[in-house]
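Me: Please take a close look at a single part of this model, a pocket, and describe carefully what lines it and what surrounds it. I would like one connected account, with each term explained where it comes up.

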Amino acid sequence: MLARIRIALAAAVVAAGASGCGLGPGPGTADVTLTVTRDFGSGQVATITRSKVPGSETVMRMLERSLRVRTRYGGGFVESIDGFSGTADRRDWFYYVNGIEAPVGAASTVVHRGDRIWWDLHDWSATESIPAVVGSFPEPFVHGIGGRRLPTTLECADDVARACSQVTNALDADGVPVASQQLGTGSGSDSLGVVVGTWADVRDELVASLIQRGPSLSGVYARFAGPGELQLLDPRGRVVRALTAGAGLIAATAHYSSEPIWLITGTDPTGVLAAARALTPARLRDHFALAVSGSSDMPLPLDGAT
Amino acid sequence: MSYRRRESPLHAAGALAGCAYCLALAAAALVLSSPLMLGAVALAVLAAAAAAGVWPELRRAALWAVPFALLIMLINALVVRDGLTVIVRLGQLPLLGYTDITLEATVYGAVLGLRAVTLILCGALYTTAVDPDQVLRLFRRVSFRSALTATIATRMVPVLIRDSRRFAEAQRCRPGAPPSRLALMRAASAGVLDRALDIAAALEVRGYGAARRPPRAREPLSRHGLAFLGSAATILVLGIVTRVAELAPFRAYPALHAPLGAATPIVAGALVACALLPFVDRRGVQG
């Protein structure tokens, strides 16, 4: 009997160890960046880079360790960061890890090596969910999701060869190998997709149909009114500007809990090339999505006053 | 656990002073968060109980309250996600999700538990040291029926305990295994409504329903009463000043912050001394 109890206890200890249980914080990780902004990245609150991060660090713990934070609901919901707090009129703190909206609370999201954590205080009256953003580029392509790097597929339309080559080079520069495939193939599960083409080329793609249905479904504050007009929306989802020839868009979205798909598109091949040239960390930094027209960048959602 | 007149300054102080004293201690436990200060309040209540001769009753209440406090601590440690110092990693748990037990959540749970124990002890001290009939007389001018209901409610517990004892004795006379505590509790609680109806019927027969607001009757406060009222006021002021002036600072989240300056032990000592000072004068406490 005693032997059986010992065996059961030993099995329980082994199972606990295998499932990540244990005493103390466990081994740490490194090179994590925390960015805190407001109004869809337009106002900077703080940027902190940690070369060493203690074990069992969650997104919430890292935030609390770095800044003045007030929480609610037993530490699961952020009320204010450094004095900036949400308001009753649909304005709250949201966070993204490697440019992807986490499916669970910050207290349950574990920090991994190289993660870029981004907290933003914004109006969510147009959409409760923004599945993916482009402002953490080159993430999620370099360090992936949940500490797991995913393969990247690139789908290019035939008439945007220069833009396609620009995107390939931009990803190559960050050490991200891409697998080229036919437009319309789909990236499938467990891989990140990048779709490049004019709106007329990509309009039947899943990512395009999500964007076309507005921010409430895609989290992207832009849509096309026909192949020749790109409409830019404000935080409340209202059209505040329309771009025509030579306009491009870089945006990311996801269908439910699937991996994100990036769309680099435009009203015409010139617009697509302009968008592809904007695929750099410096130009995408802290933007949810980016519209380009010639050499001018317009972070989305667009401020109503712009 | 019920009131019985004993030879102690607290019992001699009267209902007003006794109520104020117990309420002041409970208010201090609610206002203060520092573990040292809460410990001081709990110590004051226990020492007051010993000085009032109700130590066995409070000991029993404390034994009942400690597992309750441990449960509060455990739930807080498991449920609260705040805190930076991970002491145990539990990984993914059903219902709770990703769970780490942090030192801060555990300590704060312990503080909540200590507060619950202190409040239970304050309640136990009130039940054993303050005459419920005097409380009824005290409040009957304000609201006769409410005072009567409150007094009867506090007396229902001893009534039910006596009922349980009678049930236990009766069941021991029957053959077979003795009844479990759960069965006894079920039998006693099933009779609560019957007992309440008995009491209501008795009150109606005695004309309580037709009672009018009694005339004002000023009862002079005894020396002990004044001492306990003074003690209650001092405890209350001390608790509020300590809280407002942050003389005993304590913050659990995100990291533990409880600097032990010179002021904290002094205030804790002062609180215990204030609570016990009225017990020094034992003249004229014979019932």
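Reply: The account below begins with the conventions, turns to the pocket, and ends with some other features of the two chains.

This is a predicted model, in which local features need pLDDT of at least 70 and side-chain atom pairs count only at pLDDT 80 or more, whereas totals for chains, interfaces and linings use all residues. Residues are numbered from 1 along each chain as its sequence is written, chains are lettered from A and ligands numbered from 1 in the order in which they are written, and side-chain values use heavy atoms, with hydrogens and water left out.

The part chosen is the second largest pocket, which holds about 670 Å³ of space. A pocket here is an open set of points on a 1 Å grid over the protein atoms alone, with protein on both sides within 12 Å along at least five of seven lines, while a cavity is a set of points where a 1.4 Å probe fits but cannot get out; lining residues have an atom within 4 Å of a point. The points are joined across faces, edges and corners, and a volume is the space filled by probe spheres set on them.

The lining consists of 20 residues, and those nearest the centre of the pocket are R137(B), L138(B), A217(B), R218(B) and E219(B). Two elements of chain B, α2 (15–31) and α6 (132–172), give two or more residues to this lining, and α6(B) supplies the largest share, six residues. Helices (H or I, at least four residues) and strands (E, at least two) are DSSP runs numbered from the N terminus. By character, the lining holds eleven nonpolar, three polar and six charged residues, where Ala, Val, Leu, Ile, Met, Phe, Trp, Tyr, Cys and Pro count as nonpolar, Asp, Glu, Lys and Arg as charged, and the others, Gly among them, as polar.

Chain B is assigned domain 1 (9–70 + 114–134 + 225–279) and domain 2 (139–205), with bounds from an automatic or database domain assignment. The pocket takes at least three lining residues from each of these domains, whose C-alpha centres lie 30 Å apart.

L138(B), one of the residues nearest the pocket centre, is also part of a nonpolar surface patch of about 540 Å², together with L16(B), F139(B), V142(B), L221(B) and L226(B). Patches are made of residues with over 30% relative accessible area and no salt bridge, like charges being joined within 9 Å and nonpolar side chains (Val, Leu, Ile, Met, Phe, Trp, Tyr) within 5 Å. Accessible areas come from the Shrake-Rupley method with a 1.4 Å probe, and for residues only the protein chains shown count as cover; a salt bridge is a side-chain nitrogen of Lys or Arg within 4 Å of a carboxyl oxygen of Asp or Glu. Helix α6(B) gives the most to this patch, with three residues, and F139(B) has its place in that helix.

As for the chain around the pocket, chain B has ten helices and two strands, and its C-alpha atoms fill a box of roughly 65 × 55 × 35 Å along the principal axes. The peptide bond from Y253(B) to P254(B) is cis, with omega near -5°, and P254(B) sits in the loop between α9 (223–244) and α10 (263–276) of chain B.

A search of the whole structure finds one cavity of 30 Å³ or more. Its lining is formed by R61(A), A107(A), R81(B), Y98(B), T99(B) and D100(B), with three residues coming from strand β2 (residues 97–102) of chain B, the element that gives the most.
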